[in-house]
Amino acid sequence: MQFRRPERHGGDTLFLRTGPFIVGLTTRIGALTAALRQLYPVAIVSDAAAFADFHVAVRRMEGVRCWIKPIIRFEHDGVQVLRPLPLSQALTLFEWGVNFTISQTVHNYLVLHAAVIERGGRAAILPAASGAGKSTLVAGLAYRGWRLLSDELTLIDLDTLELIPLARPISLKNRSISIIRDFVPDAVMSHEVKNTIKGTVALLRPPEDSINRASETAKPAWFVFPTWNAEARAELRPVEKAGSFMALCRNAVNYHIHGRRGFDALADLFDRCACLQFRYGSLDDAVEVFARLAAS
Amino acid sequence: MTGDWAIRDDVGWRVWDPDIIAYADGSDETFHLADISGWVFAYLTRRPASEGEIVAAARATLALASSESVETVVRKTLAHLAERQLVAQL
C-alpha cells in the first residue's frame, strides 16, 4: 500500500487492485482509507501504481450545511456519479461507486448483475434480485470450500466465455450481518454502516484463497437462481432456460450494448450451463446441497 | 419472390424446448417465443415455407384452443413475427 502526493483537489491517492482493475482512490477521509486497509489486504494493493484503470475520489461537499451535517460525493474522472451521502456512509459509497463505475465503463466484457463462485474448476453464476439472499449464500459458500469470483458483477469474456474474477468485499445487509458473523466467526468484516438506502450494511473481506487466485478464470457450469425463505428446505430444481434467459437479459448490466455478439455469448453460455432454481432457509443446508452439486 | 416465409438472416435464436429465444439485429430486441409463435418460428428454423404449408402442418400437429381458424391464427402469427423483424417473405 502506498500513499501518493496530494492531487489537484487535495487528498492522498490509494491504489487498490480489484480483479483485473486498478482503482486509484483520492480522498482525505481517514476513516475510509482505514476501512479499506482492513478489507483489501496488503497483497492486493499496488505499491507502485503509476497507472489506474479508474481514477475515483470520495470528497466532502462544501457549503455551510455540510459543516453541520457532513456530506460526501463519489467522483469518477472528476465527475460526480451517484447521489451524495452522509459522511458516515463513505465506505458503502466507495464500494457502490466502484461497482457503478465498472458496470458503466467495462464493455470489453459482458457484465451481468450476478454473483459467481467456483469449485473443482466449475463455476456457478447466481443472478438474484435484491433481498433474495444471494450475498448471504455467497458469503457462506465462499467460507465453505467455494472460491468467490464476485458478489455483485459477473464479468464474461465474450470470446472464451470464461468468467473473470472480481473478488471484491461482499456486501451484507441487515440480518445477514449477524448470520455471517455466527457462521464465520473469524471472518474480517467492516464496521456496520447504518441508515443506508439498503438498511444497515457491512462489508465482508473475501477469503484469502479467493484473493490469491484473482487472475484465475473459471468455466461456467450452472446458472443458479436463489431465493431465501425461512421455511424452505434447501433444494435445487431444474428451471426452463428461455424464461431464465429473458429474466437475466432484463437484469444484465450491458447486454444491450453488445447487440448480436452479446446475445450469442449469453445464449452459448446457457447452452453450456444447467439452469437451476435454489430455495433455502438455512445456510448449513445450503452448504450441503452445493457440496453435492460440486460433486455431481 | 416466392412468397415463402423464412427467418431473417440477421436473426439469432436458440431452441430450448418447449420455447425459443430470438434476437433481431434490426430492432436490437430479444424475444421469448412460446405457444403458437414459438411453434411457427421453430417450423421455419427447418426451412422456408409458404403460409399454406404452415397452416397444413399446424392443423396436423396442433390442437389450438383459439376460436379463430387455424389460417387466421397462423396469418396473425406470421404478421406478428414479421413486425418484430424476425421473419420475412422471400
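Trainee: Does B:R14 count as buried or exposed, and at what relative accessibility?

Mentor: The model shown here is predicted. Buried means under 20% relative accessible area. B:R14 has 16% relative accessibility and therefore counts as buried.

Trainee: With which residue does B:R14 form a salt bridge, and how far apart are the closest N and O atoms?

Mentor: The partner is A:D271, and the closest N and O atoms are 2.7 Å apart. A:D271 belongs to helix α8 (residues 255-272) of chain A while B:R14 belongs to strand β2 of chain B, so this pair joins two chains. A:D271 itself is partly exposed, with a relative accessible area of 39%.

Trainee: How many salt bridges does the rule find across the interface of chain B and chain A?

Mentor: The rule finds 3 salt bridges there. One of them brings together the side chains of B:D25 and A:R260, at 4.0 Å from N to O. Across this interface there are also 5 residue pairs in polar contact, with both residues at pLDDT 80 or more. On the side of chain B that touches chain A, at least two residues each come from β2 (11-16), β3 (19-24) and β4 (29-33) of chain B. The element that gives the most to that side is β2(B), with 5 residues.

Trainee: What area is buried between chain B and chain A, and how many residues does the contact take from each chain?

Mentor: The buried area is about 1200 Å², and carbon and sulfur atoms give 64% of that area. Chain B contributes 16 residues to the contact and chain A contributes 17 residues.

Trainee: How many salt bridges does the structure hold over all chains, and what do A:E75 and A:R59 tie together?

Mentor: Over all chains there are 26 salt bridges. The side chains of A:E75 and A:R59 meet in a salt bridge at 3.0 Å, N to O. Since A:E75 is in strand β4 (residues 71-76) of chain A and A:R59 is in strand β3 (residues 54-60) of chain A, the pair ties together parts that are 16 residues apart in sequence. Both A:E75 and A:R59 are buried.

Trainee: Which residues are linked with A:E118 in a network of salt bridges?

Mentor: The network links A:E118 with A:R147, A:D209, A:R213 and A:E216. Within it, A:E118 forms a salt bridge with A:R147, whose closest N and O atoms lie 3.0 Å apart. A:E118 lies in strand β6 (residues 109-119) of chain A and A:R147 in strand β8 of chain A, so this pair ties together parts that are 29 residues apart in sequence. A:E118 is buried, with a relative accessible area of 5%, and A:R147 is buried too, with 1%.

Trainee: Where does A:T101 lie, and which polar atom of the backbone lies 2.7 Å from its side chain?

Mentor: A:T101 is part of helix α3 (residues 90-105) of chain A. The backbone oxygen of A:G97 is 2.7 Å from a polar atom of the A:T101 side chain. A:T101 is buried, with a relative accessible area of 3%. Apart from neighbours within four places in sequence, A:T101 is in contact with A:F54, A:F74 and A:H76.

Trainee: Which residues form a nonpolar patch on the surface?

Mentor: The patch consists of A:V64, A:W67 and A:I68, which together have about 470 Å² of accessible area. A:V64 lies in helix α2 (residues 64-68) of chain A. Exposed means over 50% relative accessible area; A:V64, at 67%, is therefore exposed.

Methods. Residues numbered from 1 in each chain as written. Chains lettered and ligands numbered in written order. Predicted model: local features only at pLDDT ≥ 70, side-chain atom pairs only at ≥ 80, totals over all residues. Heavy atoms only, no water. Patch = residues over 30% accessible without salt bridge, like charges linked within 9 Å, V, L, I, M, F, W, Y side chains within 5 Å. Areas by Shrake-Rupley, 256 points an atom, 1.4 Å probe, with all protein chains shown as cover. Helix = DSSP H or I, 4+ residues; strand = E, 2+ residues; numbered from the N terminus. Buried < 20%, exposed > 50% of the residue type's maximum accessible area, 1.4 Å probe, protein only. Contact = heavy atoms within 4.5 Å. Buried area = accessible area lost by both parts, 1.4 Å probe. Polar contact = N/O pair within 3.5 Å; in protein donor to acceptor, adjacent residues only side chain to side chain.
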